[in-house]
Amino acid sequence: MMNVGLFIPCYVNQFYPNAAKATLELLQKSGVNVTYPVNQTCCGQPMANSGFEYLSKGCNDLFIENFSSFDYIVGPSASCVLHIKEHLHSDTDEEQATKIRAKVYELVEFLTDIIKIEKLDASFPHKVGLHHSCHGLRGLYLSQMSELNAPPFSKPQYLLNMVKGLEQIKLDRLDECCGFGGTFCVAEEAVSVKMGKDRVTDHSKNGAEYITSSDLSCLMHLEGILHRNKSNVKVIHIAEILNATT
Amino acid sequence: MSQTKTKDHAALAGAFIKDEERVNWHDGALWYIREKRDLAVKQIPEWEQLREAASMIKSNVISNLHQYLLQFEDNLKKNGIIVHWADSAEEHNEIVYAILKVKEINQMVKSKSMLTEECHLNEYLEERGIEVINSDLGEYIQQIDNEPPSHIVLPCIHKRKEEIGELFHEHLGTEKGLSDPTLLTRVARKHLRNIFLTRRAALTGVNFAVAETGEYVVCTNEGNADMGAHLSEVQIASMGLEKLIPQKKHLGVFLRLLARSATGQPITIYSSHYKKPRKGQEMHLILVDAGRTRQLGRKDFRDSLKCIKCGSCMNTCPVYRKSGGLSYHNTISGPIGAILAPNLDMKRHADLPFASTLCGSCSNVCPVKINIHDQLYKWRQVIVKEGYAANTKTLGMKTMAWTLSSPANFRKAGKAGRWFLQNIPFVVNNPFNPWYRQRDMPEGPKESFAEWFVKNEIKKQ
């Protein structure tokens, strides 16, 4: 049986434990041996994206220590996974860092590309808008990017199509950024919020009850705006939909 | 029109966003162009191959710039064009002034040239008694409003037609309240026609310069470059060193990419080739470095010199669409401006690489496949290392890194959840926090996943 290390990003651990539990359960159901290394903290992206990549060495070494023994590393956050994939390096063990960069997967792509899942026992009878996180889309290629002249595909959509009762709504702008952007969300507050408001409007005017994504950072930002404006639209991580049995 | 920087991008964008209706309209106008671009490129089955070809041709150019420049100079001279080399913006301006002075010319018409905007040529010449009129309509509007262009292809895209009507009323004597674009354009056309007829000197930019033939190509929709050039006694072209392409046949790649990327048109209305002076005419070409060779020496950023100035990265950039080009306080705005500007003045433009969510849409529309968003990330590292980050930010980052680097520190910092509430900026629940101004914080659950896991899953094992 393949050994999978469960990578739960720091803010998901703290604020969205249900998404983490759903990820754990989905992986367990798919027949892999899942372990959660309890000493994990953070991938280092908050420092690196702010220009302080040199300060993320400690996080890098800790990540290597926690995860080098697994066949695969799977996390429910495209952004954190992409950061590891692109920027994990080590002064002391670059060989392990290189191996990890190649075996770290975001949950959706792990289910479609490695497990090659064909059916799901899930039901979610709601209208759902799919928000493509930019790191998932343009970094991990979870779906085709609207800018390119290339054949369409979508790994999250492929999985959502297996969920009973789920109706996916159409958006005016298929894959526009929500404006979270890490520390951008506070450093450029005005732009960040305006971008978020416009994404939320696209979903709500097209009838979404839920906005889902493979990135909770986008959803946390959109949720903050929805909540402030007393909207009925809710956010939910894709793992919770794929694991929903009611 | 000098661009004095008093505020950073975030502050300037914040001011622009206050008028939400204007932002929605600005965003919509640029998104419409992005959609036109998508339709146009999807009609070309080989679009992605064309981008790749263009990128590789430009790689060849910037890797062999020295030889191509010498070849180009040689052919220009054979064609009877007088060649000048300018190391800096100042030197460029001095050369233009010297050319005009010899001929005792004190009025010049200019077609759109971002390079001369970058060099602040208009101000330089005006200080020396030479009047310059920008003949591109959008640029002309910006000039009479004493504002720099906000977009390299659509210079006044941030202005509404009513504001333009007001400017025309003030400067060209149109009826107050007139804002019909067709009528306004007719007035501008009549006014500019007189300018074209009376100016002895015309300056144009250069879109593509062909090393093999010593000719250059200027692309416009209004024909203003042609009108100026054809009626002039002295024709000047200013170009950045990177505008070269090796051979004429390569135009077949670049002309197909340029207008589709810029506006969704198959080709610009005019693609004019200039090769030799008319009888009695004098032609000058100025090759300008102004920081380009310095950028060429930066391994991570040299590919930015492939840019053909189509503006598609601006149209697709959600940050640009919501914040307006002027918030970038640099002649070239948007994502490409944010990777070019720090090379010119790192301290002044230290904020620009941070004016992005790194969404990556810019790199995907770029017709020469510049990895714009990767370069934004890399500029951030350089800017921090060079010491241009605020001290408070550095301290905060160091604390965060120290805590997150070790599970022991993380635990010592107290219950992890409490640490998060105190240290991660977007969850500090008070009105002084930028997260909280317009967004609620996530509702903290009773227990973290880790706590739940230790209680439930580890027991099971």
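Biologist: How do you know how many disulfides there are over all chains?

Modeller: This is a predicted model, and a disulfide calls for two cysteine sulfur atoms within 2.5 Å; by this rule the count over all chains comes to zero.

Biologist: Why is B:Cys313 not counted as bonded to B:Cys362?

Modeller: The closest cysteine sulfur to that of B:Cys313 belongs to B:Cys362 and is 6.5 Å away, which is too far for a bond. B:Cys362 is in no disulfide either, since the nearest cysteine sulfur, that of B:Cys359, is 6.2 Å away and the cut-off is 2.5 Å.

Biologist: Are these two cysteines, B:Cys313 and B:Cys362, buried or exposed?

Modeller: Buried means under 20% relative accessible area; B:Cys313 has 7% and therefore counts as buried, and B:Cys362, also with a relative accessible area of 7%, is buried as well.

Biologist: What makes B:Asn79 buried or exposed, and where in chain B does B:Asn79 lie?

Modeller: B:Asn79 lies in the loop between α4 (65-78) and β1 (82-86) of chain B, and because its relative accessibility is 13%, under the 20% limit, B:Asn79 counts as buried. Leaving aside neighbours within four places in sequence, B:Asn79 is in contact with B:Thr213, B:Gly214, B:Glu215, B:Lys275, B:Lys276 and B:Pro277.

Biologist: Why is B:Glu443 put in its accessibility class, buried or exposed?

Modeller: Exposed means over 50%, and B:Glu443, at 61% relative accessibility, therefore counts as exposed. B:Glu443 lies in the loop between α22 (434-438) and α23 (449-460) of chain B, and, with neighbours within four places in sequence left aside, B:Glu443 is in contact with A:Phe15 and A:His227. The C-alpha atoms of B:Glu443 and B:Glu166, which are 277 residues apart along the chain, are separated by 50 Å.

Biologist: What makes β2 and β4 of chain A edge strands?

Modeller: The sheet is an open one of four strands in the order β2-β1-β3-β4 (chain A), with parallel pairing. In that order β2 (33-35) and β4 (104-106) of chain A each have a single partner strand, so one side of each is left without a neighbour in the sheet. Neighbouring strands of this sheet are turned by 30° against each other on average, direction ignored.

Biologist: How do you know that β3 and β4 of chain A pair?

Modeller: Pairing needs at least two bridges, and strand β3 (residues 72-75) of chain A and β4(A) have three, in the parallel sense, with A:Gly75 standing opposite A:Glu106 in β4(A). Helix α6 (residues 94-103) of chain A lies across β3 and β4 of chain A and runs at about 25° to β4(A).

Biologist: Which strands pair with β7(A), and how is the crossover from β7(A) to β8(A) described?

Modeller: Strand β5 (residues 127-130) of chain A pairs with β7(A) in the parallel sense over three bridges, and A:Val128 stands opposite A:Tyr210 in β7(A). Strand β8 (residues 234-237) of chain A pairs with β7(A), again in the parallel sense, over four bridges, and here A:Ser213 stands opposite A:His237 in β8(A). From β7(A) the chain crosses through helix α12 (residues 216-228) of chain A to β8(A), and this β-α-β crossover is right-handed.

Biologist: Which way do the residues of strand β7 of chain A point?

Modeller: In a regular strand the side chains alternate between the two faces of the sheet. From strand β7 (residues 210-213) of chain A, A:Tyr210 and A:Thr212 point one way and A:Ile211 and A:Ser213 the other way, and all are buried.

Conventions: Residues numbered from 1 in each chain as written. Chains lettered and ligands numbered in written order. Predicted model: local features only at pLDDT ≥ 70, side-chain atom pairs only at ≥ 80, totals over all residues. Heavy atoms only, no water. Buried < 20%, exposed > 50% of the residue type's maximum accessible area, 1.4 Å probe, protein only. Helix = DSSP H or I, 4+ residues; strand = E, 2+ residues; numbered from the N terminus. Right-handed = clockwise from strand over helix to strand, strands pointing away. Contact = heavy atoms within 4.5 Å. Axes fitted to C-alpha atoms, helices over the stretch in contact; angles between N-to-C directions.
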